[in-house]
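Visitor: Could you take me through this model, a question at a time, and show how each answer is reached?

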Amino acid sequence: MSVFTLAGPERDAALLPRLAALTERHREACPPYRRILDAIGSAPPYERVADLPWLPVRLFKTHELRSVPEDQVFRVLTSSGTTGQRPSRIYLDQEAAAAQTRMLAATVRAVLGERRLPMLIVDSRSVVRDPTLSARGAGVLGMMNFGRDHTFVLDEQGRVDPEAVTSFLRRHGGEPFLIFGFTYMVWLHLLGLGRDLSQAVLIHSGGWKRLAEQAVGNAEFRRRLAAECGLSRVHNFYGMVEQIGTVFLEGPDGDGLYCPDFADVVIRDPETWQEAADGVPGLIEVVSTLPTSYPGHVLLTEDMGVVRGVDDGSWPGKRFEVLGRLPRAEARGCSDTFGQG
């Protein structure tokens with residue numbers, strides 16, 4: 001079952017009642033969230049998804065926001081939190097944890113198919129052994145669920161292990177296989193291998209800042225992989241721990257990121273907070289029906305983005321691009337809006 005089926009108007013009509021109901025559910029079950037909504041005077045009815053009240057994503061670093069009793073918390077997830085910052089804390093009950101796992105799998109199956117593929121991981125095994133488990137390690141572990149015969153490109157010291165790669169390709173290089181890695185790691189370590197990776201599907205995310213410093217954009221990234229490795233099935237994705245299980249996946253043509261049927265994005269003008277017109281950059285708001293155990297269903301991120309088109313690409317719905325982080329000084333205002341919540 002594909003999760004990339006809803007066109008723009010259908011998506012808004014399908015998501016609005018579910019998100020509005022989630023807003024009221026969290027209003028009742030999460031007192032800090034209720035105080036925030038009361039403070040801004042937010043109340044139904046909502047006419048469009050863009051009318052729903054949003055929370056700044058950074059609020060999860062400073063407030064305990066959960067909509068289930070403490071004894072029903074099944075898992076607490078933490079973000080990677082940069083130096084000097086508190087990490088976000090995300091509270092999942094068993095229902096929410098099961099849903100995020102199920103819907104992530106459904107999203108990834110759009111490009112991998114139904115069966116687990118042999119998996120080459122552009123990282124070191126040590127990244128998943130760390131007991132504190134970084135965001136990078138958690139990302140690798142999560143994606144390992146979709147592969148088999150997991151083989152790491154790097155050794156324990158973080159150096160390329162050519163023998164491991166050669167052995168893997170001898171076993172699986174003639175059939176479809178999965179490669180996963182963070183964007184900068186893929187650029188740094190995969191291109192230099194000089195191997196035929198034409199049967200692979202690459203899923204990658206994060207690390208664009210370091211590539212931007214080298215003036216490498218998405219088009220150049222894809223061109224080099226195709227030219228040097230024969231790797232043409234490449235899918236970037238955008239997601240965050242605050243909406244765990246929801247990922248926005250790059251289409252097969254590399255023409256932008258797409259929203260699964262249970263999610264959407266709104267681009268907001270950082271001065272007026274109104275929805276920006278298509279083609280006009282602004283702050284990315286992510287919406288998803290998955291956060292049922294905490295009020296993370298409508299979140300304003302600190303990332304800039306732009307809608308490149310609607311219902312005009314490989315898959316239906318909005319086709320958008322992430323442009324990078326909002327400069328730190330500018331971002332402060334949007335989270336301080338609710339600082340007293």
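The questions and answers that follow concern a predicted model.

Visitor: Is strand β4 buried or exposed?
Guide: Strand β4 covers residues 117-124, and the count of residues under 20% relative accessible area settles the matter. Because 8 of the 8 residues fall in that class, the strand is largely enclosed by the rest of the structure, and the word for β4 is buried.

Visitor: Which strands pair with β4, and in what sense?
Guide: One partner is strand β5 (residues 147-154), joined to β4 over 5 bridges in the parallel sense, with S124 standing opposite L154. Another is strand β6 (residues 177-182), where M119 of β4 stands opposite L178. To this strand β4 is joined by 3 bridges, and the two again run parallel. The strands asked for are therefore β5 and β6, and the sense is parallel.

Visitor: Which residues have the most contacts inside the largest nonpolar core, and which helix gives the most to this core?
Guide: The largest nonpolar core has 85 residues, and those with the most contacts inside it are I179, L225 and L231. Among the helices and other elements, the one that gives the most to this core, with 9 residues, is α4 (residues 94-112).

Visitor: With which residues is I179 in contact, leaving aside its neighbours within four places in sequence?
Guide: I179 is one of the residues with the most contacts inside the largest nonpolar core. Once the neighbours within four places in sequence are left aside, its contacts are L120, V122, L190, L197, A200, V201, L202, I203 and L231.

Visitor: How many residues has the other core, which lies apart from the largest one?
Guide: This other core includes L16, Y46, A50 and L52 among its members. Its residue count is 16.

Visitor: Which residues of helix α7 are buried?
Guide: Helix α7 runs over residues 183-190, and 7 of its 8 residues are buried, so the helix is largely enclosed by the rest of the structure. By name, the buried residues are T183, Y184, M185, V186, W187, H189 and L190.

Visitor: What is the volume of the largest cavity, and which residues line it?
Guide: The structure holds 1 cavity of 30 Å³ or more, and the space within the largest cavity comes to about 40 Å³. By class, its lining has 6 nonpolar, no polar and 3 charged residues. The lining residues are V266, I267, E275, A276, A277, D278, V280, V307 and K318.

Visitor: Where is the cis peptide bond that involves P45, and what is its omega?
Guide: Most peptide bonds are trans. In this model, however, a cis bond joins P44 and P45, and P45 lies in the loop between α2 (31-40) and β1 (55-56). The omega of this bond is about 5 degrees.

Visitor: What is the phi of D149, and what is that of D311?
Guide: Most residues other than glycine have a negative phi. D149, found in strand β5, is partly exposed at 35% relative accessibility, whereas D311, in the loop between β13 (298-310) and β14 (318-325), is partly exposed at 37%. Both values of phi are positive: for D149 about 45 degrees, and for D311 near 55 degrees.

Visitor: How far is the C-alpha atom of A226 from that of A13?
Guide: A226 lies in helix α9 (residues 218-229) and is partly exposed, with a relative accessible area of 37%. A226 and A13 are 213 residues apart along the chain, and their C-alpha atoms are separated by 39 Å.

Notes: Residues numbered from 1 in each chain as written. Predicted model: local features only at pLDDT ≥ 70, side-chain atom pairs only at ≥ 80, totals over all residues. Heavy atoms only, no water. Buried < 20%, exposed > 50% of the residue type's maximum accessible area, 1.4 Å probe, protein only. Helix = DSSP H or I, 4+ residues; strand = E, 2+ residues; numbered from the N terminus. Pairing = 2+ DSSP bridges. Core = buried A, V, L, I, M, F, W, Y, C linked by side-chain atoms within 4.5 Å. Contact = heavy atoms within 4.5 Å. 1 Å grid on protein atoms, 1.4 Å probe; cavity = no way out; pocket = protein on both sides within 12 Å on 5 of 7 lines; lining within 4 Å. Points joined across faces, edges and corners; volume = space filled by probe spheres on them. Nonpolar A, V, L, I, M, F, W, Y, C, P; charged D, E, K, R; others polar.
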